[in-house]
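Let's take a walk through this one together, starting from a single strand and working outward. Keep the structure open beside you as you read.

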Number of protein chains: 2
Amino acid sequence: MIEDRKLDVLRAIVEDYVATNEPVGSKTLVERHRLGVSPATIRNDMAALEEEGYITQPHTSAGRVPTDKGYRLFVDKLSTVKPLSGPERRAIEGFLAGAVGLDDVVNRTVRLLAQLTRQVAVVQYPSLTRSAVRHLEMVRLSETRLMVVLITDTGRVEQRVVELPNALGEDDVAELRARINGLIAGHQLADAPTLMVDLPDAFAPDARANVSTVLATVLETLVEQVDERIVMAGTANLARGSALDFAGSIRPVLEALEEHVVLLRLFGETGGPQSVHVSIGEENPHEGLRTASVVSTGYGLDGVNAFASLGIIGPTRMDYPGTMGAVRAVARYVGHVLAEG
Amino acid sequence: MIEDRKLDVLRAIVEDYVATNEPVGSKTLVERHRLGVSPATIRNDMAALEEEGYITQPHTSAGRVPTDKGYRLFVDKLSTVKPLSGPERRAIEGFLAGAVGLDDVVNRTVRLLAQLTRQVAVVQYPSLTRSAVRHLEMVRLSETRLMVVLITDTGRVEQRVVELPNALGEDDVAELRARINGLIAGHQLADAPTLMVDLPDAFAPDARANVSTVLATVLETLVEQVDERIVMAGTANLARGSALDFAGSIRPVLEALEEHVVLLRLFGETGGPQSVHVSIGEENPHEGLRTASVVSTGYGLDGVNAFASLGIIGPTRMDYPGTMGAVRAVARYVGHVLAEG
DNA sequence: CTTGGCACTCGACCGCCCTGAGTGCCAGAC
DNA sequence: GTCTGGCACTCAGGGCGGTCGAGTGCCAAG
């Protein structure tokens with residue numbers, strides 16, 4: 001079938017171009033791959049592929065280069081995620097197993113991912129809203145100032161200082177702490193608002209102002225706002241490839257990487273931990289990443305609700321099968337580590 | 001005096017080169033600055049300056065460029081720190097005043113610094129060892145697992161999970177918490193080891209194993225190890241200047257920036273909050289930063305003990321007076337903000 | 001549908017020359 | 001002793017022309 005061969009040609013072009021970083025022509029293609037036909041035939045196929053928008057020539061009389069659309073087809077239909085080798089897997093496991101505490105796990109993960117893929121790695125901290133409350137601690141700083149510390153079952157800690165309308169004694173703090181913990185400890189953060197809605201009524205009228213203020217802070221700051229911590233590593237990898245990557249300047253990419261909000265939205269599209277999501281070049285919503293690709297996946301304990309996302313950002317010209325394999329493997333192992341810790 | 005004029009010439013060369021990014025020759029120099037002598041005279045001075053190692057030529061028949069030594073002399077003798085303008089100062093104050101909590105202060109500071117200087121900004125979190133203990137909280141996760149949360153007077157929070165040798169009841173935790181807090185609350189972290197050295201003796205012999213384990217974790221992990229949090233912004237500024245900056249490749253610089261340990265050592269040299277420290281090119285101990293300069297200072301409440309350091313990293317070809325002014329101003333304002341918060 | 005042949009295109013590379021900014025040196029003026 | 005104008009020299013950068021070769025599109029024949 002001619003259609004089949006055209007796809008073979010596209011696959012060969014992608015693989016060669018990724019490997020050599022040079023536009024690939026018909027002759028070198030038949031030399032390197034056992035396609036069983038002559039260069040002239042390949043040329044016809046290439047012309048068709050170009051017509052359909054899968055490849056393009058940087059200039060006349062140069063070889064072909066995959067377009068974003070070509071990479072997309074390659075990722076969807078022509079490649080399979082490449083599993084890591086045994087030694088690689090053992091290295092990952094050993095490296096992550098040595099971690100102490102959540103921060104350490106996250107930091108090791110992101111560095112590991114950057115090293116494995118030789119791209120910029122991004123790891124989102126386990127999402128607060130999908131975590132459960134382990135404990136809510138309150139520390140009385142002064143009569144009208146209270147520090148609230150929230151500890152989740154993923155080991156994450158968030159704190160905030162609250163200014164109170166009225167003075168509050170040590171006993172009041174203890175009571176408030178006990179009541180709140182009684183209501184929400186062990187429950188999902190997302191459920192906290194519902195659980196606590198009647199709480200002020202349980203207190204004497206003159207204490208309600210304080211209770212409401214504390215509750216407001218707990219809910220607003222800790223539940224809604226703070227999904228946003230991410231960690232990054234391997235930015236030096238951006239300056240590694242040729243000047244062709246990223247259309248000559250890595251500056252817009254670096255700028256995009258500093259906008260953590262953008263990254264969070266980008267990685268938010270990620271589905272469950274099973275599938276690896278790929279966003280290629282122009283598919284990216286953010287202007288600065290039009291010359292980049294994002295490979296991401298979720299990680300977490302159960303197979304359904306991902307706790308958070310992790311992934312990498314690199315040039316569109318990248319080894320998708322290998323990168324996807326590395327991302328998937330790291331996500332799985334970090335899931336295991338978190339489940340045990 | 002001829003010596004004076006030579007210094008004037010050096011100053012003019014530095015200023016012109018920083019402004020134009022082009023090697024500066026004798027003719028353009030007399031045109032742009034009122035030196036009162038002819039180009040030929042300048043040429044003699046330049047030859048002398050080159051002989052002494054303050055300037056160099058990229059190639060024969062090009063203008064002169066300052067060497068690291070030249071920049072050093074310029075910074076030490078020929079320039080004065082440029083204070084910020086009124087509007088700039090008000091903008092800083094307003095931007096930092098809006099911060100809520102330590103994380104927000106630090107994040108705003110680093111972004112502000114990056115924007116003001118158009119360089120890569122680095123801010124170290126207030127040092128743990130120089131802070132005082134506000135409160136030590138313990139949360140019982142299970143019979144043999146305890147989460148320890150340390151809160152400092154700078155608003156910083158550190159947590160750790162401890163595995164205990166023996167089971168521990170809720171009462172035991174309460175007692176331990178009360179005793180430890182009684183000993184160290186309000187004291188410098190650095191003094192904590194001395195204060196707690198006799199603590200295990202106050203407990204029944206069969207509880208001492210647990211107490212010692214907890215103490216070991218508190219001391220070792222929280223006091224010794226964790227001075228290391230720093231935040232960075234403006235890495236995109238590295239890709240801004242010409243290819244001449246950083247000798248063509250920003251990659252080693254990016255790599256150095258990822259090694260936070262290196263940065264901490266670098267910024268550790270910083271003196272008090274009064275003086276701004278500058279480290280130029282070859283003066284930097286780290287290989288990857290041989291083409292970069294570091295401008296840093298301490299920030300904190302009192303004038304003697306800096307809480308931590310902040311600063312910027314950029315090409316050796318930078319506007320030192322302006323940058324030093326910005327760094328100093330930001331350090332002062334963030335000190336004020338922390339003192340109030 | 002495949003293939004070999006053929007003319008054509010055009011970027012990369014090389015050597016060439018010219019230009020101009022900038023230098024070093026020197027002899028003379030102050 | 002210091003400054004200055006003059007002069008010969010150097011050399012990176014840019015424009016030009018020519019060659020080379022990889023790669024293409026098209027076509028006629030298998």
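Start with β10(B), which is mostly covered: eight of its eight residues are buried. Bear in mind as you look that this is a predicted model. The strand spans residues 308-315 of chain B, and a good way to get to know it is through its partners.

On one side, β3(B) joins β10(B) through four bridges, with the two running antiparallel. If you want a pair to zoom in on, Ala121(B) has Ile312(B) in β10(B) as its bridge partner. Then there's β9(B), which pairs with β10(B) over eight bridges, again in the antiparallel sense. Here, Gly298(B) finds its bridge partner in Ser309(B) of β10(B).

Now zoom out to the sheet. What is the order of its strands? Reading across, you get β7-β3-β10-β9-β8 of chain B, five strands in an open sheet with antiparallel pairing. At the edges sit β7 (230-233) and β8 (277-280) of chain B, each of which pairs on one side only. From one strand to the next, the twist averages 15°.

The β8 edge is worth a stop. Four bridges tie β8(B) to β9(B), residues 292-299, and the two run antiparallel. Within that pairing, Val278(B) stands opposite Val295(B) of β9(B). Helix α12 of chain B, residues 320-340, packs on the sheet here, touching β8, β9 and β10 of chain B. Its direction makes about 25° with that of β9(B). Another helix to look for is α6 of chain B, residues 101-117, which lies across β3, β7 and β10 of chain B. This one runs at about 150° to β3(B). So much for the sheet.

Next, bring in chain A. The two chains meet with 22 residues of chain A in contact with 22 residues of chain B. On the chain A side, β4 (133-142), β5 (145-152), β6 (157-163) and α10 (251-258) each supply at least two of the residues that touch chain B. By class, that side of chain A has 11 nonpolar, five polar and six charged residues.

How are the two chains related? A rotation of 179° with 0.1 Å of shift along its axis superposes chain A on chain B, at an RMSD of 0.2 Å. That is the relation of a two-fold axis. The interface tells a matching story: 100% of the interface residues of chain A are also interface residues in chain B, so the copies meet through the same surface.

Finally, turn to the DNA. Around strand D there are 21 residues, and the closest are Gly25(A), Ser26(A), Val37(B), Thr60(B) and Ser61(B). The elements giving two or more residues to this surface are α2 (26-32) and α3 (39-51) of chain A, along with α3 (39-51) of chain B. Which element gives the most? It's α3(A), with four residues. The surface near strand D has seven nonpolar, 11 polar and three charged residues.

Strand C has 21 residues around it, with Val37(A), Ser38(A), Thr60(A), Ser61(A) and Gly25(B) coming nearest. Two or more residues each come from α3 of chain A and from α2 (26-32) and α3 of chain B. For strand C, α3(B) gives the most, with four residues. The surface near strand C divides into seven nonpolar, 11 polar and three charged residues.

Notes
Residues are numbered from 1 along each chain as its sequence is written. Chains are lettered from A and ligands numbered from 1 in the order in which they are written. This is a predicted model: local features need pLDDT of at least 70, side-chain atom pairs count only at pLDDT 80 or more; totals for chains, interfaces and linings use all residues. A residue is near a molecule or strand if its C-beta atom, placed from the backbone, lies within 6 Å of it. Ala, Val, Leu, Ile, Met, Phe, Trp, Tyr, Cys and Pro count as nonpolar, Asp, Glu, Lys and Arg as charged, and the others, Gly among them, as polar. Two residues are in contact if their C-beta atoms, placed from the backbone, lie within 7 Å. Copies are superposed by least squares on the C-alpha atoms of residues with pLDDT of at least 70 in both. Two strands pair if DSSP finds at least two bridges between them. Axes are lines fitted to C-alpha atoms, for helices over the stretch in contact, and angles run from 0 to 180 degrees between N-to-C directions. A residue is buried if 20 or more other C-beta atoms lie within 10 Å of its own, exposed if 12 or fewer, and partly exposed in between; C-beta atoms are placed from the backbone.
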